[in-house]
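Reader: Hi! Could you walk me through this fold? I'd like to start with the sheet and then get to the helices.
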Amino acid sequence: MPDTVTLTEDLLGPAEPAVRPAGRPASLEADAISAWFGDHKVLDRVSLTMPAREVTALIGPSGCGKSTFLRILNRMHELIGSASLAGRVLLDGEDIYDRGRRITHARRQIGMVFQKPNPFPAMSLYDNVLAGLKLNGIKATRRGRDDLVEECLTRAGLWKEVKDRLRQPGGALSGGQQQRLCIARSLAVRPRVLLMDEPCSALDPTSTRRIEETIAELSEEVTIVIVTHNMQQAARVSNTCAFFLAEQGTPGVIVEHGPTDAMFNSPQDPRTSDYVNGRFG
Ligand SMILES: Nc1ncnc2c1ncn2[C@@H]1O[C@H](COP(=O)(O)OP(=O)(O)OP(=O)(O)O)[C@@H](O)[C@H]1O
């Protein structure tokens, strides 16, 4: 294996001696986002500020557009043939949809962890962590790669469990460990925001707790936006919360958002109160 991963430099400029330092967590602001699949409108002028260094939870019943909204935040929505959108997404004030702005730019700064852990099953744990570097054309020295693997696995809460078996395949881990491996893989490209779409829904309670601890540890270093159906989880991990709803075939909107404590203990809208207290959805 060559000592340096050689890939395109146009995204990031020349090779660096080791590994770039972590970026500053960024704020993300959705401004009047509407979304369609064909002529089916699924979100209507949704605006939300997701502050830097905070965990924002997106909650609401199935089908109200939470995942669509999340995918719009890092330009994944446009990968679907029939999909379209209106509005702006500002990453520290700059619209990621500005003409001339590369899709890869948004993807690298705004990482995503999915509902089902999706490591490369036959690839080693070590190479799984670094997979995003190769895809994004990021160069690192051998030493830099070793340091990055250790750092990201540590930040994802997995290092102690796997440090002696980094050459084993990703598929050999438990579901919870695989999800933490996917978090480590996302962290390796130094995202400033991490989007998580129901990251614990395929996991047992112990693994879920471990991921929640990881979220708490990461929130100082990266802005987190998480979709969850689990109200206790939203209450445990988030600072702010947004309640989405699509009533009777209308497009999804945010009914209410604000500090998580207030959303759970003194919601302003009766529909929020009903939802967080499990009366529907
Ligand atoms: N690829 C797609 N093609 C067509 N329609 C879609 C597609 N993905 C989602 N939709 C529709 O968009 C609406 C919003 O779906 P979305 O998955 O964003 O909701 P959600 O709130 O995340 O739901 P859940 O909590 O069940 O994951 C739904 O009516 C859904 O059927």
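Reader: So, what order do the six strands of the open sheet come in?
Author: This is a predicted model, and in it the order is 6-7-8-3-9-10, with mixed pairing.

Reader: Which strands stand at the edges?
Author: Strand 6 (110-113) and strand 10 (253-259) do. Each has a single partner strand, so one side of each has no neighbour in the sheet.

Reader: And how many degrees are neighbouring strands turned against each other on average?
Author: The average is 15 degrees, with direction ignored.

Reader: Thanks! Where does the antiparallel pairing come in, say for strand 9?
Author: Strand 9 (residues 240-245) pairs with strand 10 in the antiparallel sense, over six bridges. As one example, A242 has H257 in strand 10 as its bridge partner.

Reader: Now strand 8. How many bridges join it to strand 7, and how many to strand 3?
Author: Strand 7 (residues 193-197) is joined to strand 8 by five bridges, and the two run parallel. Strand 3 (residues 55-59) also runs parallel to strand 8, with four bridges between them. On the strand 3 side, V55 stands opposite I224. For strand 7, V193 has T223 of strand 8 as its bridge partner.

Reader: What does the chain pass through on its way from strand 7 to strand 8?
Author: It goes through helix 7 (residues 205-218), giving a right-handed β-α-β crossover.

Reader: Is strand 8 buried or exposed?
Author: Buried: five of the five residues in strand 8 (residues 223-227) are, so the strand is largely enclosed by the rest of the structure. That holds for both faces, with T223, V225 and V227 on one side and I224 and I226 on the other.

Reader: Nice. Switching to helices: at what angle do helix 3 and helix 6 cross?
Author: Helix 3 (residues 125-136) and helix 6 (residues 175-187) cross at roughly 45 degrees, and their axes come within 6 Å. That angle makes helix 3 oblique to helix 6. The crossing is right-handed.

Reader: Which residues meet there?
Author: From helix 3, L125, N128, V129, A131 and G132; from helix 6, L181, A184, R185 and S186.

Reader: And how does helix 3 pack with helix 4?
Author: The angle to helix 4 (residues 142-155) is about 95 degrees, and the axes are 10 Å apart. That makes helix 3 roughly perpendicular to helix 4. Here Y126, V129 and L130 of helix 3 meet R145, V149, C152 and L153 of helix 4.

Reader: Last one: which strands does helix 6 lie across?
Author: Strand 6 and strand 7, and helix 6 runs at about 170 degrees to strand 6.

Conventions
Residues are numbered from 1 along each chain as its sequence is written. This is a predicted model: local features need pLDDT of at least 70, side-chain atom pairs count only at pLDDT 80 or more; totals for chains, interfaces and linings use all residues. A residue is buried if 20 or more other C-beta atoms lie within 10 Å of its own, exposed if 12 or fewer, and partly exposed in between; C-beta atoms are placed from the backbone. Two strands pair if DSSP finds at least two bridges between them. A crossover is right-handed if, with the strands pointing away from the viewer, the path from the first strand over the helix to the second runs clockwise. Axes are lines fitted to C-alpha atoms, for helices over the stretch in contact, and angles run from 0 to 180 degrees between N-to-C directions. Angles under 35 degrees count as roughly parallel, over 145 as roughly antiparallel, 65 to 115 as roughly perpendicular and the rest as oblique. A crossing is left-handed if the near helix is turned anticlockwise from the far one by less than a right angle, and right-handed if clockwise. Two residues are in contact if their C-beta atoms, placed from the backbone, lie within 7 Å.
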